[in-house]
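I set aside some time to go through this model and write down what I looked up, one entry at a time. The entries start with single residues and end with the ligand.

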Amino acid sequence: MDINAALDFISSQLMAKKLKTLSTLETTILKEAWKGKDGKSYDEIGNSEYLDGGSVKTAAYKLWQRLSNLCGEKVNRDNVQAVVERYYNKIGLAEATVPINSSLTVNIETIDSEDHRECHQIEITLREKTNWEQKKLFGINTILEQLRDHLQTRDDYWLMSITGAGGIGKTSLTEKLVGEYAADAGFFKLAWTMAKRTYYLEPNMSVKKDNNKKDINTDYMIYDIASQLDINLPPANQDYFLALQRKLTSEPYLIVIDNLETLPEYQKLLARFNPFDPMCNIRPSKVIFTSRKDLKANNCAVREIKLPGIDKSATLEMIRHQGQELDIVKQALDEELEPIYQKTEGNPLMISLVMNLLRIYDDPLLKIFERFEQDQDIQEFLYEESLNSLSDNALLILNLMIKYAAGYLIPSSDLQKPSGLNNDEFRQAITECSQFNLLDSSRSLKDESRYSIHSLLYEFLRRIQDEH
Ligand SMILES: Nc1ncnc2c1ncn2[C@@H]1O[C@H](COP(=O)(O)OP(=O)(O)OP(=O)(O)O)[C@@H](O)[C@H]1O
Ligand SMILES: [Mg+2]
């Protein structure tokens, strides 16, 4: 079968199934794959199309997925010709426009081509390291689009930062950005590291979390990034960055460093990646920082977006969503809910905590706010009120959680065992904490649930513990 006949056949099948037809890039990838060994590699196609190899790889991965679903067999670059011909013979020309039985659909989880593994790595890393997709986000579309543009612009600065107050949504927005756009922007591997976590190096160089050590240093962080990206580092610390840089300049990798400001030597790290210095070039890779402190203030060339709180209408939408079960919210007019926006200035974490007050008290909103002393920090007030209403078992769970490093996703059994609670008691305590927005759970169908608490609650509970 020659390539033109194959393209016609595939297009007619896609049209019959009302699926998107082949794009120009997909057609090029198919044509090159059809040539077998003589065909251009993804990088070569990228060069001729003024794209980078990573974008072509991502497009190819999606194309093989589409064709696998169409043909009912796993497709990759090496077998595409054989599979399409087999499929063509199976259904015969006469039936070429008959929609294909959907039972032929291949489960894409089982496609094990090299392209698939690479794209999948981003999703696996996100699931492993973050609470990705666990919560609905409000009022972020405009900023998300801006960030997406920065992410997709390859010849721009290689540093991006998302800054703003604690609880304003930096981590959540970064998770969404990476989950939705990193693969499409051509990144095929992700390293996600939290500056808050503490590590130590064992003699065999494996990195272990250490809850007793307060700080994490730059070399450990680079080591963590390298191991997530499968990059072998040389033995001497001073050569780490060069080895990392060599790899980062060869393929588009994406690195996220969450809460950079908590790293004591963060200026040193910024200097390593300095976009003003050609020696630090990591193009086509990028690093995204989240930080409560503005990084641009360090005279750093970085695409920085400072998050304000979400706007009034997004705040109201969020309140109505979170307060669905509360009559008081259902019956309220928008202007009656507005004081929540004024008080929280659109900080999503604060909004969730205010929702707790509506659950705890029967009083009118303004009366509730009267409890809040003028000189008291609003966040302290909200946490105190929420914690005061918890059962002893729920408090026990939260107190156990701060024995782990901040931001760490704790497996369920690691909490239940030391708590001494039976299954029912444990489940109830967890449900209570989640209903009060004090605990996030990261659930999957195949692994045990993992729980985390927000860094602000972590800091609050630690402070209380230190005071007593
Ligand atoms: N736009 C949003 N809509 C709804 N909920 C949100 C939104 N942004 C964040 N949240 C929720 O608010 C909480 C705080 O968000 P997040 O952890 O992203 O803040 P942060 O800016 O990273 O804080 P920190 O500086 O402490 O790391 C989370 O529970 C998150 O799910
Ligand atoms: Mg955060």
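**Entry 1: a helix start.** I began with asparagine 141, which I found in helix H7, residues 141–152. I keep in mind throughout that the model is predicted. How exposed is asparagine 141? I read a relative accessibility of 57%, and because exposed means over 50%, asparagine 141 counts as exposed. I then looked for a residue distant in sequence and noted leucine 173, which is 32 residues away along the chain, with 9.9 Å between the two C-alpha atoms.

**Entry 2: helices H18 and H20.** My next stop was leucine 395, which lies in helix H18, residues 392–401. Its relative accessible area is 27%, so I recorded leucine 395 as partly exposed, the class that sits between the 20% and 50% limits. From leucine 395 I went on to alanine 429, 34 residues apart from it in sequence, and found the two C-alpha atoms 8.2 Å apart in space.

I then turned to helix H20, which spans residues 423–435 and contains arginine 427; glutamine 428 lies in helix H20 as well. Are these two side by side in the notebook as buried or exposed? Arginine 427 has 52% relative accessibility and therefore counts as exposed, the limit being over 50%. Glutamine 428, with a relative accessible area of 59%, is exposed too.

For each of them I wrote down one partner from elsewhere in the chain. Arginine 427 and glutamine 416 are 11 residues apart in sequence, and their C-alpha atoms are 9.2 Å apart. For glutamine 428 I noted serine 391, which is 37 residues away along the chain, with a C-alpha separation of 9.9 Å.

**Entry 3: backbone angles.** I went looking for backbone geometry that I would want to check by eye. Which peptide bond is cis? I found that the bond from arginine 283 to proline 284 is cis, with omega near 10°, and that proline 284 sits in the loop between helix H11 (266–272) and strand S6 (286–291).

I also noted two residues with positive phi. Glutamate 345 has a phi of about 50° although it is not a glycine, and I placed glutamate 345 in the loop between helix H14 (334–344) and H15. Asparagine 437, also a residue other than glycine, has a positive phi near 55°, and asparagine 437 belongs to the loop between H20 and strand S9 (440–442).

I compared their accessibility class by class. Glutamate 345 is at 62% relative accessibility, so I entered glutamate 345 as exposed. Asparagine 437 is at 17%, and because buried means under 20%, asparagine 437 goes down as buried.

**Entry 4: cysteines.** How many disulfides did I find? The count is zero. I checked the accessibility of two cysteines while I was there: cysteine 71 is at 2% relative accessibility and so counts as buried, and cysteine 280, with a relative accessible area of 8%, is buried as well.

**Entry 5: ligand 1.** I kept the ligand for the end. Which residues come nearest to ligand 1? Of the 21 residues around ligand 1, the nearest are Lys170, Thr171, Ser172, Arg292 and His454.

I then went through the side chains that place a polar atom by an oxygen atom of the ligand. An N or O atom in the side chain of threonine 171 is 2.7 Å from an oxygen atom of ligand 1. For asparagine 259 the corresponding distance, from a side-chain N or O atom to a ligand oxygen atom, is 3.2 Å. A polar side-chain atom of arginine 292 is 2.6 Å from an oxygen atom of ligand 1. As for cover, ligand 1 has 630 Å² of accessible area on its own, and the protein covers 93% of that.

Two elements give two or more residues each to the shell around ligand 1, namely helix H8 (170–182) and helix H15 (348–360). H8 gives the most, with three residues. By residue type I sorted the shell into nine nonpolar, eight polar and four charged residues. Finally I noted that domain 2 (119–306) and domain 3 (312–388) each contribute at least three residues to the shell.

Note on methods. Residues are numbered from 1 along each chain as its sequence is written. Chains are lettered from A and ligands numbered from 1 in the order in which they are written. This is a predicted model: local features need pLDDT of at least 70, side-chain atom pairs count only at pLDDT 80 or more; totals for chains, interfaces and linings use all residues. Side-chain values use heavy atoms; hydrogens and water are left out. A residue is near a molecule or strand if one of its heavy atoms lies within 4 Å of it. A polar contact is a pair of N or O atoms within 3.5 Å; within protein, one must be able to donate a hydrogen and the other to accept it, and residues adjacent in sequence count only if both atoms are side-chain atoms. Accessible areas come from the Shrake-Rupley method with a 1.4 Å probe; for residues, only the protein chains shown count as cover. Helices (H or I, at least four residues) and strands (E, at least two) are DSSP runs, numbered from the N terminus. Ala, Val, Leu, Ile, Met, Phe, Trp, Tyr, Cys and Pro count as nonpolar, Asp, Glu, Lys and Arg as charged, and the others, Gly among them, as polar. Domain bounds come from an automatic or database domain assignment. A disulfide is a pair of cysteine sulfur atoms within 2.5 Å. Buried means under 20% relative accessible area, exposed over 50%, partly exposed in between (1.4 Å probe, protein chains only).
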